[in-house]
Structure formats: structure tokens, C-alpha cells
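Reader: Hi! I have a fold open on my screen and would love some company while I look around. Could you walk me through it?

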Amino acid sequence: MSDPLPLRHIARALVFDPADRLLLIAYEAVRPIDPAKPEERCFWFMPGGGLEEGETHEAACRRELSEEIGVDDAPIGPLVATCNGPFRLFRKPRDARERYFVVRLPSDRIDTARLAETEDNPVLGTRWWTLAELEASAERIEPAGLAAVVRRVLAGDIPPGPVTLSWRDA
């Protein structure tokens with residue numbers, strides 16, 4: 001029997017620009033995304049990270065946005081989704097307890113100069129995605145169901161409670 005994965009509480013942001021595009025970060029996975037295609041290791045994820053001692057999810061989300069994309073004092077909007085369970089694409093696998101908040105920025109200007117130094121996996125880049133691109137993409141975007149949540153948020157349909165998402169390889 002393998003050792004249990006460390007539990008990690010995490011806050012992430014669905015960061016939107018004024019054109020309603022979603023910001024995602026590309027990472028290199030530690031193992032192939034699809035065993036049939038061992039060369040494919042890229043996956044896309046929202047900005048965010050682990051809570052520090054005594055920190056709320058909202059405070060962690062704000063701190064992570066400052067560290068990863070250079071946005072200070074971002075207004076943290078509603079909690080719209082969660083995703084819980086083992087996540088093994090990062091170098092340090094974890095039993096993740098993730099919470100996803102809506103963040104709207106006044107422009108698409110971000111500063112990722114410090115992003116790579118805060119991450120344990122290689123960062124491949126960032127990209128703003130339209131809803132159509134998210135829904136049509138064959139790339140690995142985590143977690144499963146993210147595009148449906150983005151569709152609801154952009155339609156102004158904020159869920160009364162967080163939507164439960166799941167990892168693609170759970």
C-alpha cells in the first residue's frame with residue numbers, strides 16, 4: 001500500500017480580462033498526460049496555490065495572484081467551484097482541496113516575471129483563452145468541467161453554491 005498523499009488546501013482564480021478571456025498557465029507534467037502519447041506533458045491550470053498558516057482562501061488567492069501574475073490587491077469574487085482529490089501531474093503529488101474564485105481584471109496586463117520561481121513544475125507559459133477556445137481545445141486543461149463553469153460565469157449565472165469539478169486522471 002502506498003503512503004497517503006499530503007493534504008493541501010489551495011485557492012485558485014478564474015482570472016478574466018475585460019474581453020472575458022480566461023488566463024491559464026501551461027505547466028510541464030512530471031509524467032505523460034496520456035500513456036499512449038508519452039511525449040505529451042503540457043497541461044493548463046489556473047493561477048493560485050496553497051494556503052499558508054492562518055490564511056483564508058481569499059487571502060491566499062490574492063497573495064498568489066501577486067506572486068504569479070504581478071496583480072496586487074485583486075478583488076476576489078465569488079467561490080464558484082471546488083475540486084478535491086489526488087492530483088499527480090505536479091512534481092509533488094497532493095491530495096488537493098481546491099477552491100476557485102472569480103477575479104476580473106481591469107486590463108489584460110500581467111507580469112509573470114516571478115512565476116517560474118514560485119512553482120515546483122516547469123512553467124511553459126501563459127495564455128488568455130476565449131470561451132470558444134476553451135470548449136474546442138484538445139489540450140489538457142485541468143480540472144475537467146472548467147469550460148462549463150466559465151460559460152456560466154460569463155453568462156452571469158453565478159452558482160448558488162460551488163460546482164464540484166474533478167481531475168481528469170482521478
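Reader: Leaving aside its neighbours within four places in sequence, which residues is Glu98 in contact with?

Author: Happy to help, and bear in mind that this is a predicted model. Glu98 is in contact with Ile10, Arg12, Phe45, Ala81, Thr82, Cys83, Asn84 and Trp167, once its neighbours within four places in sequence are set aside.

Reader: Where does Glu98 sit?

Author: Glu98 is in strand S6, which covers residues 94–104.

Reader: Is Glu98 buried or exposed?

Author: Buried: the relative accessible area of Glu98 is 1%, and the cut-off for buried is under 20%.

Reader: Thanks! What polar contacts does the side chain of Glu98 make?

Author: One is with the side chain of Arg12, at 2.9 Å. Another is with the side chain of Tyr100, at 2.8 Å. With Arg12, the Glu98 side chain also forms a salt bridge, 2.9 Å from N to O. That pair ties together parts that are 86 residues apart in sequence, because Glu98 lies in strand S6 and Arg12 in strand S1. Both Glu98 and Arg12 are buried.

Reader: Nice. Which strands are joined to S1 by bridges?

Author: S1 runs parallel to S6, with 10 bridges between them. S1 also runs antiparallel to strand S4 (residues 48–50), and 3 bridges join those two. To give you a residue on each side, Ile10 has Glu98 as its bridge partner in S6, while Ala11 has Gly49 as its partner in S4.

Reader: And how many residues of S1 are buried?

Author: S1 spans residues 7–16, and 7 of its 10 residues are buried, so "mostly covered" is a fair description.

Reader: Changing topic: how many salt bridges does the structure hold?

Author: There are 13 salt bridges. Besides the Glu98 and Arg12 pair, the side chains of Arg151 and Glu135 meet in one, 2.7 Å from N to O. This pair links distant parts of the chain, 16 residues apart, with Arg151 in helix H4 (residues 146–154) and Glu135 in helix H3 (residues 131–136).

Reader: How accessible are Arg151 and Glu135?

Author: Arg151 is partly exposed at 43% relative accessibility. Glu135 is partly exposed too, with a relative accessible area of 39%.

Reader: Any others you'd point me to?

Author: Try Arg152 and Asp157, whose side chains meet in a salt bridge at 3.0 Å, N to O. Arg152 has a relative accessible area of 30% and counts as partly exposed, and Asp157 is partly exposed at 37%. There is also a network of salt bridges linking Glu52, Glu55, Arg63, Glu64 and Glu67.

Reader: Great, on to the nonpolar side. How many residues are in the largest nonpolar core?

Author: It has 34 residues, and those with the most contacts inside it are Leu14, Leu22, Leu24, Phe43, Tyr100, Leu146 and Val150. At least two residues of this core come from each of S1, strand S2 (22–28), strand S3 (42–45), strand S5 (79–87), S6, H3 and H4. The most are given by S2, with 5 residues.

Reader: Tyr100 again! What is Tyr100 in contact with, leaving aside its neighbours within four places in sequence?

Author: Among its contacts are Arg12, Leu14, Met46, Pro143, Leu165 and Trp167. Tyr100 also contacts Pro78, Leu79, Val80, Ala81, Thr82 and Cys83. Apart from the largest core lies another one of 15 residues, including Ala11, Ala13, Ala74 and Leu105.

Technical notes
Residues numbered from 1 in each chain as written. Predicted model: local features only at pLDDT ≥ 70, side-chain atom pairs only at ≥ 80, totals over all residues. Heavy atoms only, no water. Buried < 20%, exposed > 50% of the residue type's maximum accessible area, 1.4 Å probe, protein only. Helix = DSSP H or I, 4+ residues; strand = E, 2+ residues; numbered from the N terminus. Pairing = 2+ DSSP bridges. Salt bridge = Lys/Arg side-chain N within 4 Å of Asp/Glu carboxyl O. Polar contact = N/O pair within 3.5 Å; in protein donor to acceptor, adjacent residues only side chain to side chain. Contact = heavy atoms within 4.5 Å. Core = buried A, V, L, I, M, F, W, Y, C linked by side-chain atoms within 4.5 Å.
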